[in-house]
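Got the viewer open and a selection box ready? Let's take a walk through this one, stop by stop.

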Amino acid sequence: MESAERILSDLGEVIWDEPDADKKNRHFWVRRGVDFSGDMTEAYRWMTDGLLAMCNVYELLG
């Protein structure tokens with residue numbers, strides 16, 4: 001999990017469903033505030049970076 005958190009850390013706060021549980025399936029959330037009233041370019045860039053980071057986590061854990 002530490003390696004996955006390191007990959008995701010640039011995206012925002014990483015929250016695991018049950019951090020100490022020993023199970024095969026895990027859920028996590030990455031939180032970051034977004035100002036929806038302005039230009040969404042930064043938010044879209046964050047989402048794209050997030051998807052690429054999740055692919056890296058998948059490869060790490062897969």
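Start with the charged side chains: across the whole structure, a search turns up two salt bridges. Keep in mind as you click that this is a predicted model.

**Stop 1: Glu42 and its partners**

Select Glu42 and Arg32 and show their side chains. These two form a salt bridge, with 3.7 Å between the closest N and O atoms. Glu42 belongs to helix 2 (residues 41-61) while Arg32 sits in the loop between strand 2 (28-31) and helix 2, so this pair ties together parts that are 10 residues apart in sequence.

Now add Arg45 to the selection. Glu42 forms a salt bridge with Arg45 too, and here the closest N and O atoms are 3.3 Å apart. Where do Glu42 and Arg45 sit in helix 2 relative to each other? They are three residues apart there, which means about one helical turn separates them.

With three residues lit up, you are looking at a network: Arg32, Glu42 and Arg45 are linked by salt bridges. As general background, side chains of opposite charge can pair when their charged atoms come close.

Switch on a surface and check how much of each residue shows. Are these residues buried, exposed or something in between? Glu42 counts as partly exposed at 41% relative accessibility. Arg32 is partly exposed as well, at 42%, and so is Arg45, with a relative accessible area of 45%.

**Stop 2: zoom out**

Drop the side chains and go to cartoon view. You should find two helices and two strands in the protein chain, and if you trace along the sequence the pattern is α-β-β-α. Along the principal axes, the C-alpha atoms fill a box of roughly 40 × 20 × 15 Å.

Colour by burial next. Of the 62 residues in the protein chain, 18% are buried. The chain exposes about 5,100 Å², and carbon and sulfur atoms supply 51% of that area.

Two more whole-chain values while you are zoomed out. Among contacts with a separation of 6 or more, 30% are between residues 24 or more positions apart. Colour by charge as well: the chain has 7 positive and 13 negative charges, and the mean positions of the two sets are 3 Å apart.

**Stop 3: the aromatic pair**

How many aromatic pairs does a search of the whole structure find? One. Select Trp16 and Phe28 to see this pair: the ring centres are 5.2 Å apart and the planes meet at 45 degrees, so the pair is tilted. Trp16 is in strand 1 (residues 13-16) and Phe28 in strand 2, 12 residues apart, and the pair links distant parts of the chain.

Bring the surface back for a second. Trp16 is buried, with a relative accessible area of just 9%, whereas Phe28 counts as partly exposed at 26%.

Keep Phe28 selected and add Glu18, which you'll find in the loop between strand 1 and strand 2. C-alpha to C-alpha, Glu18 and Phe28 are 8.9 Å apart in space and 10 residues apart in sequence. Glu18 is partly exposed, with a relative accessible area of 42%.

**Stop 4: helix 1 and the loop after it**

Pick Arg6, which has its place in helix 1. Is Arg6 buried or exposed? Exposed, with a relative accessible area of 57%. Then run a distance from the C-alpha atom of Arg6 to that of Val57: you should get 9.6 Å, for two residues 51 apart along the chain.

Last selection: Asp10, in the loop between helix 1 (2-8) and strand 1. Asp10 is exposed, at 72% relative accessible area. Try one more C-alpha distance, from Asp10 to Ala43: these residues are 33 apart along the chain, and 14 Å separates them.

**Before you close the session**

Save a view with Arg32, Glu42 and Arg45 shown as sticks, since their salt bridges link them in a network. A second view on Trp16 and Phe28 will keep the tilted aromatic pair to hand.

Terms used: Residues are numbered from 1 along each chain as its sequence is written. This is a predicted model: local features need pLDDT of at least 70, side-chain atom pairs count only at pLDDT 80 or more; totals for chains, interfaces and linings use all residues. Side-chain values use heavy atoms; hydrogens and water are left out. A salt bridge is a side-chain nitrogen of Lys or Arg within 4 Å of a carboxyl oxygen of Asp or Glu. Helices (H or I, at least four residues) and strands (E, at least two) are DSSP runs, numbered from the N terminus. Buried means under 20% relative accessible area, exposed over 50%, partly exposed in between (1.4 Å probe, protein chains only). Contact means heavy atoms within 4.5 Å. Accessible areas come from the Shrake-Rupley method with a 1.4 Å probe; for residues, only the protein chains shown count as cover. Lys and Arg count as positive and Asp and Glu as negative; His and the chain ends are not counted. The place of a charge is taken as NZ of Lys, CZ of Arg, CG of Asp or CD of Glu. Rings of Phe, Tyr and Trp (its six-membered ring) pair if their centres lie within 6.5 Å; planes under 30 degrees apart count as stacked, over 60 as edge-to-face and the rest as tilted.
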